[in-house]
Amino acid sequence: MRLKPESLLSLMIAAVAAAALVLTEPWGIKTALYPRTIAVPLLVLALAEFVFSLRERPAARGQAMDFTLSEGVEPKVALRRTVGIFAWILGFFAMIVLLGFPIAVPLFVFAYLRSAAKAPWILTLVLVAVAWGVFNGLFVRLLHLPFLPGLLLRGLQ
């Protein structure tokens with residue numbers, strides 16, 4: 001029996017999830033909570049997808065149709081938007097590395113809402129406060145997850 005590409009993909013995802021579970025074994029329960037919480041359902045779903053992808057499916061009736069996300073958008077505009085969102089994602093990663101999560105989350109929300117979304121000041125401040133409150137309340141206060149300071153803040157200590 002020959003494996004289909006979707007079978008191989010689901011098998012690789014299952015392997016990554018299993019590796020995450022094995023690699024987090026020596027960690028403390030608080031440290032390993034988040035990776036394990038993601039890895040367990042991912043492993044189960046990936047294995048289920050693998051089993052389902054092995055079954056032969058009857059030929060579909062009718063003609064196959066492509067799914068397009070950017071219908072009616074010029075390629076230059078789509079490329080500019082794609083590059084822009086990747087720049088925002090990379091900027092968020094840079095903020096996390098340089099400043100740490102607790103500072104990067106509200107700062108990123110503020111920067112994005114004011115510059116990219118052009119949100120009004122009051123909405124921006126309310127959403128930044130909500131983002132900070134949820135992040136701080138859930139991860140710091142409730143789960144007691146330790147976050148390392150960013151590289152810039154480590155240099156100041």
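**Exercise 1. Place Leu 145 in the fold.**

Leu 145 is buried, with a relative accessible area of 18%; buried means under 20%, exposed over 50%, and partly exposed in between, with a 1.4 Å probe and protein chains only. Before we go on, note that this is a predicted model, in which local features need pLDDT of at least 70 and side-chain atom pairs count only at pLDDT 80 or more, while totals for chains, interfaces and linings use all residues. Residues are numbered from 1 along each chain as its sequence is written, and side-chain values use heavy atoms, with hydrogens and water left out.

Your task: where is Leu 145, and which residues is it in contact with beyond its neighbours within four places in sequence?

Step 1. Find the loop between H5 and helix H6 (151-156); Leu 145 sits there. Helices here are DSSP runs (H or I, at least four residues), numbered from the N terminus.

Step 2. Look for contacts, meaning heavy atoms within 4.5 Å. Once neighbours within four places in sequence are set aside, Leu 145 is in contact with Lys 30, Phe 139 and Val 140.

Step 3. Check the distance to Thr 31. Leu 145 and Thr 31 are 114 residues apart in sequence, yet 7.1 Å apart in space, C-alpha to C-alpha.

**Exercise 2. Find the two sides of H1.**

Your task: which residues of H1 are buried, and which helix do they pack against?

Step 1. Start with the length. Helix H1 (residues 5-23) has 19 residues and reaches 27 Å from its first C-alpha to its last, close to the 27 Å expected. The expected span is 1.5 Å times one less than the number of residues.

Step 2. Pick out the buried residues of H1: Ser 7, Ser 10, Ala 14 and Ala 17. They cover an arc of only 95° around the axis, so they are on the same side of H1. That arc is taken from the directions from the helix axis to the C-beta atoms.

Step 3. Follow the buried residues of H1 to their partner, helix H2 (29-54).

Step 4. Turn to the face of H1 pointing away from the buried side, where you will find the exposed residues Pro 5, Met 12, Val 16, Val 22 and Leu 23.

Step 5. Move into the loop between H1 and H2, which holds Thr 24. At 3% relative accessibility, Thr 24 is buried. Not counting residues up to four places away in sequence, Thr 24 touches Ala 32, Pro 35 and Arg 36.

**Exercise 3. Do the same for H3.**

Your task: which residues of H3 are buried, and what do they pack against?

Step 1. Helix H3 (residues 75-99) has 25 residues and should span 36 Å; its end C-alpha atoms are 35 Å apart, which agrees.

Step 2. Phe 92, Met 95, Ile 96 and Leu 99 are buried in H3.

Step 3. The buried residues of H3 pack against H4 and H6.

Step 4. Just after H3, Gly 100 has a positive phi of about 90°.

**Exercise 4. Look at two phi angles.**

Your task: what is the phi of Lys 118, and what is that of His 144?

Step 1. Recall the background: most residues other than glycine have a negative phi.

Step 2. Lys 118, in the loop between helix H4 (101-116) and H5, has a positive phi near 55°. Lys 118 is exposed, with a relative accessible area of 64%.

Step 3. His 144, in the loop between H5 and H6, has a positive phi of about 55° although it is not a glycine. At 48% relative accessibility, His 144 is partly exposed.
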